[in-house]
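Colleague: Could you take a close look at the salt bridges here and walk me through them with some care?

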Amino acid sequence: MAHAFDLELTDNRVGGSLLEQVRAQLLVEPERQSLDITLDSGANRVVSKVAGELEHGWNSVEPWRWTGQLARLDVLVSDVERISLQEPALVQASAEGALLETSCLLDASGAVTCVEASWSSESGSSLVAQLEQLPLELLEKILGLQFQLSQQVSGEVRLSQSPGSKPSGAADFKITAGVVKFTDDPDPIMETGPGALAFTLSEGRLTSGVLDIPIVGQGVIDVDYSVPDVTRGLAAELAGTLLIDLADLDPLAALVPRIDRASGSLRANLEL
(Lines give C-alpha, C1' and ligand atoms only; values in the text may rest on other atoms or scores of the structure.)
Protein backbone atom coordinates (compact mmCIF):
# COMPACT_ATOMS: atom_id res chain seq x y z
CA MET A 1 0.00 0.00 0.00
CA ALA A 2 1.30 3.45 -0.91
CA HIS A 3 1.30 6.36 1.54
CA ALA A 4 1.68 10.01 0.56
CA PHE A 5 2.61 12.88 2.87
CA ASP A 6 2.41 16.54 1.83
CA LEU A 7 3.87 19.58 3.56
CA GLU A 8 3.52 23.24 2.56
CA LEU A 9 5.06 26.20 4.39
CA THR A 10 4.77 29.88 3.48
CA ASP A 11 6.74 33.02 4.36
CA ASN A 12 9.68 31.35 6.07
CA ARG A 13 12.94 33.13 6.86
CA VAL A 14 16.20 31.18 6.66
CA GLY A 15 19.41 33.05 7.42
CA GLY A 16 17.78 36.39 6.66
CA SER A 17 16.37 35.22 3.31
CA LEU A 18 12.64 34.90 2.69
CA LEU A 19 11.38 31.59 1.36
CA GLU A 20 7.91 32.48 0.19
CA GLN A 21 6.87 28.87 -0.25
CA VAL A 22 8.26 25.44 0.60
CA ARG A 23 6.47 22.37 -0.73
CA ALA A 24 7.45 18.78 0.00
CA GLN A 25 5.80 15.51 -1.00
CA LEU A 26 6.93 12.16 0.37
CA LEU A 27 5.64 9.04 -1.39
CA VAL A 28 6.22 5.73 0.41
CA GLU A 29 5.58 2.47 -1.43
CA PRO A 30 6.66 -1.06 -0.48
CA GLU A 31 9.25 -1.19 -3.27
CA ARG A 32 10.15 2.48 -3.74
CA GLN A 33 10.19 5.82 -1.95
CA SER A 34 10.54 9.34 -3.31
CA LEU A 35 10.78 12.89 -1.98
CA ASP A 36 9.96 15.98 -4.08
CA ILE A 37 10.85 19.44 -2.75
CA THR A 38 10.14 22.85 -4.32
CA LEU A 39 11.47 26.13 -2.89
CA ASP A 40 10.27 29.55 -4.07
CA SER A 41 11.99 32.82 -3.19
CA GLY A 42 10.95 35.80 -5.27
CA ALA A 43 11.77 35.07 -8.91
CA ASN A 44 14.03 32.17 -7.92
CA ARG A 45 12.93 28.54 -7.70
CA VAL A 46 14.59 25.24 -6.79
CA VAL A 47 12.97 21.91 -7.73
CA SER A 48 14.50 18.61 -6.56
CA LYS A 49 13.62 14.93 -6.47
CA VAL A 50 15.23 12.00 -4.66
CA ALA A 51 14.00 8.43 -5.28
CA GLY A 52 15.17 4.99 -4.18
CA GLU A 53 14.41 2.00 -1.96
CA LEU A 54 15.31 0.21 1.26
CA GLU A 55 17.83 -2.52 0.44
CA HIS A 56 16.44 -5.10 2.88
CA GLY A 57 12.77 -4.18 2.92
CA TRP A 58 10.59 -2.88 5.72
CA ASN A 59 10.40 -6.10 7.74
CA SER A 60 14.09 -7.05 7.66
CA VAL A 61 16.03 -7.43 10.91
CA GLU A 62 19.15 -6.18 9.10
CA PRO A 63 20.28 -2.60 9.83
CA TRP A 64 18.41 -0.26 7.51
CA ARG A 65 20.11 1.11 4.42
CA TRP A 66 18.50 3.26 1.75
CA THR A 67 19.94 3.57 -1.77
CA GLY A 68 18.64 5.87 -4.46
CA GLN A 69 19.40 8.77 -6.75
CA LEU A 70 19.26 12.52 -6.82
CA ALA A 71 17.06 12.32 -9.90
CA ARG A 72 16.32 16.01 -10.42
CA LEU A 73 17.72 19.36 -9.38
CA ASP A 74 16.64 22.44 -11.32
CA VAL A 75 17.48 25.99 -10.27
CA LEU A 76 15.63 28.86 -11.95
CA VAL A 77 17.23 32.26 -11.29
CA SER A 78 15.19 35.42 -11.89
CA ASP A 79 12.78 33.46 -14.10
CA VAL A 80 15.49 33.43 -16.78
CA GLU A 81 18.67 31.53 -15.87
CA ARG A 82 18.15 27.77 -15.66
CA ILE A 83 20.69 25.48 -14.01
CA SER A 84 20.02 21.74 -14.18
CA LEU A 85 21.45 18.46 -13.00
CA GLN A 86 23.65 16.89 -15.71
CA GLU A 87 22.78 13.31 -14.76
CA PRO A 88 21.37 11.45 -11.72
CA ALA A 89 23.75 11.00 -8.80
CA LEU A 90 23.94 8.15 -6.29
CA VAL A 91 22.51 8.84 -2.82
CA GLN A 92 22.85 6.46 0.14
CA ALA A 93 21.76 6.75 3.74
CA SER A 94 21.89 4.57 6.85
CA ALA A 95 22.07 4.93 10.60
CA GLU A 96 25.88 5.04 10.30
CA GLY A 97 26.27 7.55 7.48
CA ALA A 98 25.15 9.20 4.26
CA LEU A 99 26.67 9.77 0.84
CA LEU A 100 26.05 11.95 -2.20
CA GLU A 101 28.31 11.00 -5.09
CA THR A 102 29.50 13.65 -7.52
CA SER A 103 26.51 15.73 -8.60
CA CYS A 104 27.05 18.32 -11.34
CA LEU A 105 24.90 21.28 -12.35
CA LEU A 106 25.15 22.80 -15.83
CA ASP A 107 23.82 26.13 -17.08
CA ALA A 108 23.24 27.42 -20.60
CA SER A 109 26.63 29.16 -20.76
CA GLY A 110 28.48 25.88 -20.13
CA ALA A 111 29.40 26.64 -16.52
CA VAL A 112 29.65 23.53 -14.35
CA THR A 113 29.33 23.23 -10.58
CA CYS A 114 30.00 19.80 -9.04
CA VAL A 115 29.47 18.76 -5.42
CA GLU A 116 30.08 15.54 -3.53
CA ALA A 117 29.44 15.04 0.17
CA SER A 118 29.54 12.34 2.83
CA TRP A 119 28.82 11.87 6.52
CA SER A 120 29.87 9.08 8.87
CA SER A 121 29.08 8.72 12.54
CA GLU A 122 32.69 7.58 13.06
CA SER A 123 34.77 9.81 10.77
CA GLY A 124 32.57 12.90 10.43
CA SER A 125 31.58 14.84 7.30
CA SER A 126 33.28 16.03 4.14
CA LEU A 127 32.36 18.26 1.22
CA VAL A 128 34.09 18.87 -2.11
CA ALA A 129 32.84 21.52 -4.55
CA GLN A 130 34.35 22.28 -7.94
CA LEU A 131 33.47 25.30 -10.08
CA GLU A 132 34.24 25.70 -13.76
CA GLN A 133 33.57 29.07 -15.41
CA LEU A 134 30.80 29.98 -12.97
CA PRO A 135 29.54 33.48 -13.92
CA LEU A 136 29.51 35.96 -11.05
CA GLU A 137 26.47 37.62 -12.63
CA LEU A 138 24.45 34.91 -10.87
CA LEU A 139 25.11 36.81 -7.62
CA GLU A 140 23.37 39.86 -9.04
CA LYS A 141 20.34 37.78 -9.99
CA ILE A 142 20.15 35.73 -6.79
CA LEU A 143 20.98 38.51 -4.30
CA GLY A 144 19.30 41.33 -6.20
CA LEU A 145 22.48 43.43 -6.44
CA GLN A 146 22.33 46.77 -8.25
CA PHE A 147 25.50 46.13 -10.25
CA GLN A 148 26.62 43.46 -12.70
CA LEU A 149 29.79 41.36 -12.72
CA SER A 150 31.03 39.79 -15.96
CA GLN A 151 33.85 37.79 -14.34
CA GLN A 152 33.85 33.98 -14.07
CA VAL A 153 35.21 31.81 -11.26
CA SER A 154 36.89 28.41 -11.49
CA GLY A 155 38.41 26.41 -8.66
CA GLU A 156 37.78 24.02 -5.81
CA VAL A 157 36.90 24.00 -2.13
CA ARG A 158 37.38 21.04 0.23
CA LEU A 159 35.95 20.97 3.75
CA SER A 160 35.89 18.28 6.42
CA GLN A 161 34.80 18.03 10.02
CA SER A 162 35.54 15.21 12.45
CA PRO A 163 33.12 14.43 15.30
CA GLY A 164 33.61 16.89 18.13
CA SER A 165 35.76 19.27 16.07
CA LYS A 166 35.29 22.36 13.92
CA PRO A 167 35.57 22.53 10.10
CA SER A 168 38.94 22.42 8.33
CA GLY A 169 39.75 22.68 4.66
CA ALA A 170 41.04 24.80 1.82
CA ALA A 171 39.83 26.69 -1.25
CA ASP A 172 41.58 27.94 -4.35
CA PHE A 173 39.77 30.01 -6.99
CA LYS A 174 40.84 31.82 -10.14
CA ILE A 175 38.84 34.82 -11.35
CA THR A 176 38.80 35.89 -14.99
CA ALA A 177 39.15 39.47 -16.17
CA GLY A 178 35.89 41.38 -16.54
CA VAL A 179 33.95 44.56 -15.88
CA VAL A 180 31.74 45.86 -13.09
CA LYS A 181 28.84 48.13 -13.96
CA PHE A 182 25.48 49.26 -12.65
CA THR A 183 22.50 47.27 -13.91
CA ASP A 184 20.91 50.27 -15.63
CA ASP A 185 24.13 51.90 -16.94
CA PRO A 186 26.03 50.61 -19.99
CA ASP A 187 29.26 52.34 -18.92
CA PRO A 188 31.52 50.20 -16.68
CA ILE A 189 32.45 51.37 -13.19
CA MET A 190 35.76 49.52 -13.38
CA GLU A 191 37.58 46.80 -15.23
CA THR A 192 39.47 44.05 -13.44
CA GLY A 193 42.29 41.80 -14.61
CA PRO A 194 42.70 38.07 -13.84
CA GLY A 195 42.63 37.55 -10.07
CA ALA A 196 42.75 34.91 -7.37
CA LEU A 197 41.09 34.02 -4.07
CA ALA A 198 42.34 31.27 -1.75
CA PHE A 199 42.20 30.34 1.92
CA THR A 200 42.89 27.54 4.38
CA LEU A 201 40.78 26.73 7.41
CA SER A 202 41.91 24.84 10.51
CA GLU A 203 39.50 23.98 13.31
CA GLY A 204 37.18 26.79 12.26
CA ARG A 205 39.94 29.42 12.02
CA LEU A 206 41.27 31.04 8.86
CA THR A 207 44.98 30.19 8.89
CA SER A 208 45.97 31.69 5.53
CA GLY A 209 44.45 33.64 2.71
CA VAL A 210 45.17 35.19 -0.67
CA LEU A 211 43.17 37.92 -2.43
CA ASP A 212 44.53 39.36 -5.66
CA ILE A 213 42.37 41.76 -7.70
CA PRO A 214 44.10 43.93 -10.32
CA ILE A 215 42.00 46.97 -11.28
CA VAL A 216 42.85 48.02 -14.82
CA GLY A 217 44.11 51.61 -15.00
CA GLN A 218 43.65 52.06 -11.24
CA GLY A 219 45.98 49.71 -9.39
CA VAL A 220 45.75 46.48 -7.40
CA ILE A 221 44.48 44.94 -4.17
CA ASP A 222 46.78 42.11 -3.06
CA VAL A 223 46.50 40.41 0.33
CA ASP A 224 48.61 37.40 1.35
CA TYR A 225 48.69 36.24 4.96
CA SER A 226 49.16 33.18 7.16
CA VAL A 227 48.94 32.20 10.83
CA PRO A 228 52.08 30.12 11.56
CA ASP A 229 50.94 28.96 15.02
CA VAL A 230 47.18 28.42 15.22
CA THR A 231 47.48 26.71 18.61
CA ARG A 232 47.76 30.17 20.22
CA GLY A 233 44.18 30.99 19.25
CA LEU A 234 43.36 34.71 19.28
CA ALA A 235 46.89 35.47 20.46
CA ALA A 236 48.40 33.95 17.31
CA GLU A 237 50.49 36.30 15.17
CA LEU A 238 49.87 37.08 11.50
CA ALA A 239 52.53 36.90 8.82
CA GLY A 240 52.20 38.21 5.30
CA THR A 241 51.76 41.32 3.18
CA LEU A 242 49.01 43.79 2.37
CA LEU A 243 49.33 45.83 -0.81
CA ILE A 244 46.70 48.35 -1.85
CA ASP A 245 47.58 50.73 -4.66
CA LEU A 246 44.58 52.62 -6.06
CA ALA A 247 44.97 55.75 -8.15
CA ASP A 248 41.29 56.76 -7.80
CA LEU A 249 38.88 55.77 -5.02
CA ASP A 250 35.76 56.93 -6.85
CA PRO A 251 35.06 53.64 -8.75
CA LEU A 252 35.18 51.64 -5.52
CA ALA A 253 33.05 54.21 -3.67
CA ALA A 254 30.32 53.68 -6.28
CA LEU A 255 29.91 50.12 -4.99
CA VAL A 256 29.51 51.16 -1.34
CA PRO A 257 25.95 52.02 -0.21
CA ARG A 258 25.34 55.60 1.01
CA ILE A 259 28.57 56.92 -0.49
CA ASP A 260 27.82 59.00 -3.57
CA ARG A 261 31.35 60.03 -4.43
CA ALA A 262 34.93 59.82 -3.20
CA SER A 263 38.11 61.37 -4.49
CA GLY A 264 41.79 60.79 -3.95
CA SER A 265 44.11 57.82 -4.07
CA LEU A 266 45.14 55.12 -1.61
CA ARG A 267 48.54 53.49 -1.36
CA ALA A 268 49.45 51.03 1.37
CA ASN A 269 52.21 48.43 1.53
CA LEU A 270 52.30 46.67 4.87
CA GLU A 271 54.10 43.66 6.23
CA LEU A 272 52.01 41.79 8.80
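Modeller: In this predicted model, K49 and D36 form a salt bridge whose closest N and O atoms are 3.2 Å apart. K49 belongs to strand 4 (residues 44-54) and D36 to strand 3 (residues 33-41), so this pair ties together parts that are 13 residues apart in sequence. K49 is partly exposed, at a relative accessible area of 26%, and D36 is likewise partly exposed, with a value of 26%.

This is one of seven salt bridges that the structure holds. Another joins the side chains of D40 and R45, with an N to O distance of 2.6 Å. D40 counts as buried, because its relative accessibility is 10% and the limit for that class is under 20%, whereas R45, at 35%, counts as partly exposed. The D40 and R45 pair does not stand alone, since R23, D40 and R45 are linked in a network of salt bridges.

A further salt bridge connects D74 with R72, and here the closest N and O atoms are 2.8 Å apart. Of these two residues, D74 counts as buried at 13% relative accessibility, while R72 is partly exposed, with a relative accessible area of 38%.

Apart from the charged pairs, there is also a nonpolar patch on the surface, formed by F5, L26 and L35, which together have about 250 Å² of accessible area. Among them, L26 lies in strand 2 (residues 17-28) and is partly exposed, with a relative accessible area of 33%.

Technical notes:
Residues numbered from 1 in each chain as written. Predicted model: local features only at pLDDT ≥ 70, side-chain atom pairs only at ≥ 80, totals over all residues. Heavy atoms only, no water. Patch = residues over 30% accessible without salt bridge, like charges linked within 9 Å, V, L, I, M, F, W, Y side chains within 5 Å. Areas by Shrake-Rupley, 256 points an atom, 1.4 Å probe, with all protein chains shown as cover. Salt bridge = Lys/Arg side-chain N within 4 Å of Asp/Glu carboxyl O. Helix = DSSP H or I, 4+ residues; strand = E, 2+ residues; numbered from the N terminus. Buried < 20%, exposed > 50% of the residue type's maximum accessible area, 1.4 Å probe, protein only.
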